[in-house]
Amino acid sequence: MDTTIITVEAALAGADYSLTGPCEILVSGGLIKAIRPAAMTTQAPRLLAIPALADAHNHARPLSTTSFGCGNKPLETWLPQLAVMPSVDPYTAAAASFARSLRGGVTSIMVHLTRAMGLTPLTEEAREIARAAHDVGVSIGFAIAMRDRNPLIYGDDAEILNRLDPSERDLVRQTWLRPLPSVSEQMALVDAVADAVSDMPGHIDVQYGPTGVQWCSGELLQAIARASKQTGRRIHMHLLETKPQRVWADGAYPDGIVSFLDQIGLLSPRLTLAHCVWARPEELALIAGGGARIAVNASSNLHLYSGIAPVPDMLSAGVSVAMGLDGCALDEDDDALREMRLFHLLNHAAGFSDGGLTRQTALHAACAAGRAGLGLGPGGVLAAELPADILLLDLAALDRDALMPVNPTDYLFARAGQAHIVEAYSRGRKVLSNGTVLGVDLPALETSLRAAYRDGLPDKAPLVAAWSKIEAAIGSFYQGCC
């Protein structure tokens, strides 16, 4: 096999992400074969090598939801408003999303497919998504959305319908209140999707994707827990993202929602829980005890007014914490490097206190911890015999003032963003060069998506026109509960 030698001035290598360099990284067969000092006669390029990031929670949305009027509101109204987005070609949608993630520094992505396009059977759509991932050059986990209750609000839908006029009620019923598949049908669909993509190239790990406890009956959650134990299939689920979800869970499960998940066997190393913003210390202890991990999505939680996840408490409880972007980095640009900086700053201990998120634990959360939830083996570390998922950053640009020697890690956590990525490698394959995704034409994909959405939006005009009244009714339902 051919060997690629990457020479850099500095690298964050090993499980502790310690600074080393100048050095050469030898890559062969998709693996890092060795990291060795650069030859004394070699002038190492001003590059900083770090592991590529792994996005532990995403939905592979084609374009920013704010472009559809869905920005700056709580999840409970933001989520139903996504119905104004027309369906578009699934390959184009997924390839554009994956390419933006790659441009932001991510080579492994958890895709929780909570809204399939539905233009073809899901088995065919899944193959198109897998093809897009391979073309872009990313590894994906792929969780199929599963839900069977509370399609619009966490309660009786009549409380919304009674606030609307007859035409608006019909629109609500047609859009959100259609019958959902049975538990057995949903379980079978996950198996069918897994069979459909089993021959696709690249890494795609099909998972059960219960959307959240407020959207899934106990029967559905128990069926998933049993099947996961029997088959080893992983599970990806939202939990306690918002305060209304906390209130609902306390009412529906007075003995504790996490205790219920523990009792039915859902908590295990096969489970990733997204968000957990409103989880309590005793719940975090149960999650840690079960071996499940939590994917924290800092920017998404801020955009949707959900709060700030208690990451220091998670770490103190022994939870494996991973970083996700949830399709909503701070500037809606999928910049995972900036997200890691925000994640670190939000959760570092105050002042001189101990605890909280250190640089090392932030790098572990962003690069390594999410891989298990995607069905990937060890990685997220620059070390021999581990996957060659590597970012090369422009150290000269990071050191923009060039005044004195400064630890490159300082620059990484102070100012690094996707504009500083010179190259990215995924399993040894060069997939990004100077901001350009090599496997697909991202600008062309986004141009195609915008045209498709403009063509499809007129069909959504009745929903767009009625949305303000529907949104007000939903908001009224939650006011007072939180």
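Is Asp250 buried, partly exposed or exposed? Select Asp250 to begin: the residue is partly exposed, with a relative accessible area of 27%. The model on screen is predicted, and the tour below moves from charged pairs to the core, then to enclosed space and finally to backbone details.

**Stop 1: helix H8**

Keep Asp250 selected and add Arg246. Their side chains form a salt bridge, with 2.9 Å from N to O. Both residues belong to helix H8, which covers residues 243-252, and they sit four residues apart, about one turn of the helix. Colour the pair by accessibility and the two ends differ in class: Arg246 is buried at 5% relative accessible area because the cut-off for buried is under 20%, whereas Asp250, at 27%, is partly exposed.

**Stop 2: helix H5**

Move to residues 166-176, helix H5, and select Asp170 and Arg173, which are three residues apart, about one turn of the helix. A salt bridge links the two side chains at 3.4 Å, N to O. Here Arg173 is partly exposed at 39% relative accessibility, and Asp170 is partly exposed at 40%.

**Stop 3: helix H17 and a network**

Next select helix H17, residues 442-456, and show the side chains of Glu446 and Arg450, placed four residues apart, about one turn of the helix. In this salt bridge the closest N and O atoms are 3.8 Å apart. Glu446 is buried, with 12% relative accessible area, while Arg450 is partly exposed at 36%. Add Arg100 and Asp334 to the selection: through salt bridges with shared partners, Arg100, Asp334, Glu446 and Arg450 form one network. For the structure as a whole, the salt bridge count is 23.

**Stop 4: the nonpolar cores**

Hide the charged side chains and turn to the interior. The largest nonpolar core has 144 residues, and the members that touch the most others are Leu53, Phe98, Phe142, Leu239, Met314 and Leu412. Centre the view on Met314. Which residues is Met314 in contact with, leaving aside its neighbours within four places in sequence? The list runs through His275, Cys276, Leu284, Ile294, Val296, Ala309, Val319 and Val321. A separate core holds 15 residues, including Ile6, Ala13, Ile25 and Tyr425.

**Stop 5: the second largest pocket**

Return to H17 and show the surface around it. The second largest pocket contains about 540 Å³ of space. Its lining comprises 29 residues, and those closest to the pocket centre are Leu63, Ser64, Thr65, Thr66 and Ser67. Helix H2 (90-103), helix H11 (298-303) and H17 are the elements that each give two or more residues to this lining. H17 gives the most, with four residues. Coloured by class, the lining of the second largest pocket shows nine nonpolar, 11 polar and nine charged residues.

**Stop 6: the cavity**

Follow H11 from the pocket to the next feature. How many cavities of 30 Å³ or more does a search of the whole structure find? The search finds one. The space in this largest cavity is about 50 Å³. To display its lining, select Val296, Ala298, Asn301, Leu302, Gly307, Ile308, Ala309, Val311, Leu346 and Asn347. H11 and helix H13 (336-347) are the elements that give two or more residues to the lining, and H11 has the largest share, with three residues. By class, seven of the lining residues are nonpolar, three are polar and none is charged. Val296 and Ala309, among the lining residues here, also appeared among the contacts of Met314.

**Stop 7: backbone details**

Switch to a backbone view and go to Gly21 and Pro22. The peptide bond joining them is cis, with omega about 0 degrees. Pro22 falls in the loop between strand S3 (18-20) and strand S4 (23-28).

Step back along the chain to Tyr17, in the loop between strand S2 (10-13) and S3. Tyr17 has a positive phi, near 55 degrees, though it is not glycine. The residue is buried, at 4% relative accessible area.

End at Ala402, in the loop between helix H15 (395-398) and helix H16 (408-415). Ala402 is another non-glycine residue with positive phi, near 50 degrees. Is Ala402 buried or exposed? At 55% relative accessibility, Ala402 counts as exposed.

How values were computed:
Residues numbered from 1 in each chain as written. Predicted model: local features only at pLDDT ≥ 70, side-chain atom pairs only at ≥ 80, totals over all residues. Heavy atoms only, no water. Salt bridge = Lys/Arg side-chain N within 4 Å of Asp/Glu carboxyl O. Buried < 20%, exposed > 50% of the residue type's maximum accessible area, 1.4 Å probe, protein only. Core = buried A, V, L, I, M, F, W, Y, C linked by side-chain atoms within 4.5 Å. Contact = heavy atoms within 4.5 Å. 1 Å grid on protein atoms, 1.4 Å probe; cavity = no way out; pocket = protein on both sides within 12 Å on 5 of 7 lines; lining within 4 Å. Points joined across faces, edges and corners; volume = space filled by probe spheres on them. Nonpolar A, V, L, I, M, F, W, Y, C, P; charged D, E, K, R; others polar.
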